[in-house]
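Thanks for coming, everyone. Please have the model open on your screens, and follow along as I walk through it.

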Amino acid sequence: MGFRIGLTCWRSALLASRGHTARCTASSVAALKDEVKEYARPYSEVPGPKPLPLVGNTWRFLPFIGDFSIEEIDQVSRDLYRQYGRVVKLAGLMGRPDMLFLYDADEIERVFRNEELMPHRPSMPSLNYYKHVHRKDFFGDNAGVIAVHGEKWYKFRTRVQQIMLQPRTAKLYVRPIEETAVAFVKRARDIRNSDLEVPDDFLNEIHKWSLESIARVALDVRLGCMDAQVSPSTSDTQKLIDAVITFFSNVGVLELKFPLWKLFTTPTWRKYINALDTITNLSMKHINAALERLRSSGPVHVDNDSSLLQRILALDPDPRTACILAIDMFLVGIDTTSTAVASILYQLSQHPEKQEILYDEIRTILPSPNTTLTAERLEQLNYLKACIKETLRMYPVVIGNGRLLTRDTVIAGYQIPKGTQVVFQHYVISNLEHYFPKPEQFLPERWLKICNEHKQAQNHHPFASLPFGYGRRMCLGRRFADLEIQTVIAKVGLHVIFEY
Ligand code: HEM
């Protein structure tokens, strides 16, 4: 069954020790840490499924005989929590480090607050290989932030993050992102059938909206992904769309199934590499064109209205930096945002009464169809923001984020060795009664400041729902994701009623 959307008429519408005072010296903190370490229990005592001789715990993921299904990894995570509690060790995984699953917001807070200068988030070996081996000629020592660690990550991130995370930068995109959202609503209407149902592959349409939005931000171009006639299949736009879709449909296979690509060139690997090459080459082409445009209007200089791309090019005239940033945005900024939007639309379709409240709010802030969005108007859409937060609490896009420990650390009272991969089990945690009363209910109200009925729920633990991560490696595109999602839900919510 697909989404069914109808036109609305204009309805009426810390550590307890964080208490340390300033008198606490570095040496007393070090002594406290040593003491904590001394009393912590050994790693061998961390609960978890016992590894078998030779095959460890790897057999659990094998088809037919294993009891862990990769396709239902959320369920596996929940079961492990029920069986073993707030900290679970998964040891003996062939070819990969031990994993420590954490289900405790206090402990997650502690790990994050003690994070080092260059936190290591284990991710995407296939992309790592592409950047550091296959296309080393292009990426060199400047490989971006995704699948990059240590000094290289630090250098790139510090260079771009101030620009990426400045609220001022995202505000520049309110108008283009609004145009993209309007095009999406039009497209959704145009492709409905006579029963007002959109096609089953509607998620693909959401992907196109997401790609269009990111292209505006990363490359300063309008791709026209949602035009009725995108353009011939030979066009650059279609090639970029196809490459991004190919990347997403193959990355999961390469990352989660047995990595045959490490042994020989599989058809999946070939498609994946070709897709990444296309994304790289086309991004470079657009960036060179943008650089030409800029140069033709005199020396590159930055003012308040300069785009993200202009700012990055002014910061580093080597166009590869802007290109590599754009590639990273394409790789992690499309399916995340579209999955979130699909989830939010689904939740609202299941809760017409909440959809109604949302409609009233949007209608108040945008009273006429011609009222354009501004950063100030978006700021006032509190119920809309609460709907987004609540959906990301119930169904975080990234169900478990992680860090590879770069030093021995005490976690949940156990001594955890360097090299362990700690996985923060966000999806399970943010659905625990302990952190969010009535967790199975979609209650955007729990995120609002003034709400008597759910007052209790409002003092939630700040680390119990972390959809964009935390700390030095926190989502670099968060401001753009917020802007895109708020804008498109505001436009959809204003113009259509949706059912599932
Ligand atoms: C709903 C949408 C999104 C969600 C839920 C999301 C979530 C996340 C999470 C959980 C992380 C890991 C953070 C950590 O390790 O602490 C991350 C990293 C990242 N995200 Fe997002 N993201 C979204 C959209 C975007 C968009 C639109 C962009 C680009 C414009 C983007 C760019 C990045 C980048 C570049 C990183 C890597 C940062 C680093 O390692 O230094 N994300 N995101």
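Start at Asp220. You will find Asp220 in the loop between H9 and H10. Remember as you look that this is a predicted model. Is Asp220 buried, exposed or partly exposed? Its relative accessible area is 28%, so Asp220 is partly exposed. The cut-offs behind that are simple: buried means under 20%, and exposed means over 50%. Now look across to Ser307. Asp220 and Ser307 are 87 residues apart along the chain. In space, their C-alpha atoms are separated by 7.6 Å.

Next, Val198. This residue sits in the loop between helix H8, residues 174-190, and H9. Val198 has 3% relative accessibility, so it counts as buried. Its C-alpha lies 6.8 Å from the C-alpha of Ala188, and ten residues separate the two in sequence.

Stay with H9 and H10, and look for the second largest cavity. Which elements give two or more residues to its lining? The lining of the second largest cavity includes Asn204, His207, Lys208 and Leu211, along with Ile241, Val244, Ile245 and Phe248. Ile334 is also one of the lining residues. The elements that give two or more are helix H9 (202-219) and helix H10 (236-256). The space inside is about 50 Å³. By character, the lining has six nonpolar residues, two polar and one charged.

Phe248 takes us on to the aromatic rings. How many aromatic pairs does the structure hold? There are 19 aromatic pairs. Take Tyr129 and Trp261. Their ring centres are 5.9 Å apart. Their planes meet at 70 degrees, so this pair is edge-to-face. The pair links distant parts of the chain, 132 residues apart. Tyr129 belongs to helix H4, residues 125-134. Trp261 is in the loop between H10 and helix H11, which covers 267-296.

How do the two partners compare in accessibility? Tyr129 is at 36%, so it counts as partly exposed. Trp261 is at 9%, so it counts as buried. Both rings belong to a cluster linked by ring pairs. The cluster also has Phe247, Phe248, Trp269 and Tyr272. And Phe248, remember, lines the second largest cavity.

Rings can have charges over them too. The charged end of Lys89 sits over the ring of Tyr43, 4.3 Å from the ring centre. Arg393 lies over the face of Phe436, and here the distance to the ring centre is 5.3 Å.

Now two backbone details. Ala412 is not a glycine, yet its phi is positive, at about 50 degrees. Where is Ala412? It lies in the loop between strand S5, residues 409-411, and strand S6, residues 414-416. With a relative accessible area of 9%, Ala412 is buried. Lys438 also has a positive phi, near 50 degrees, in a residue other than glycine. Lys438 is in the loop between helix H18 (426-429) and H19. Its relative accessible area is 39%, so Lys438 is partly exposed.

Last stop: the ligand. Which protein atom is the donor of its iron atom? The SG atom of Cys475, at 2.3 Å, is the only protein donor. Cys475 lies in the loop between helix H19 (455-458) and helix H20 (478-495).

That is the tour. Go back to any stop you like, and we can look at it together.

How values were computed: Residues numbered from 1 in each chain as written. Predicted model: local features only at pLDDT ≥ 70, side-chain atom pairs only at ≥ 80, totals over all residues. Heavy atoms only, no water. 1 Å grid on protein atoms, 1.4 Å probe; cavity = no way out; pocket = protein on both sides within 12 Å on 5 of 7 lines; lining within 4 Å. Points joined across faces, edges and corners; volume = space filled by probe spheres on them. Helix = DSSP H or I, 4+ residues; strand = E, 2+ residues; numbered from the N terminus. Nonpolar A, V, L, I, M, F, W, Y, C, P; charged D, E, K, R; others polar. Phe/Tyr/Trp six-rings, centres within 6.5 Å; stacked < 30°, edge-to-face > 60°. Buried < 20%, exposed > 50% of the residue type's maximum accessible area, 1.4 Å probe, protein only. Lys NZ or Arg CZ within 6 Å of the ring centre and 35° of its normal. Donors = N, O, S within 2.8 Å, 3.2 Å for Na, K, Ca; no water.
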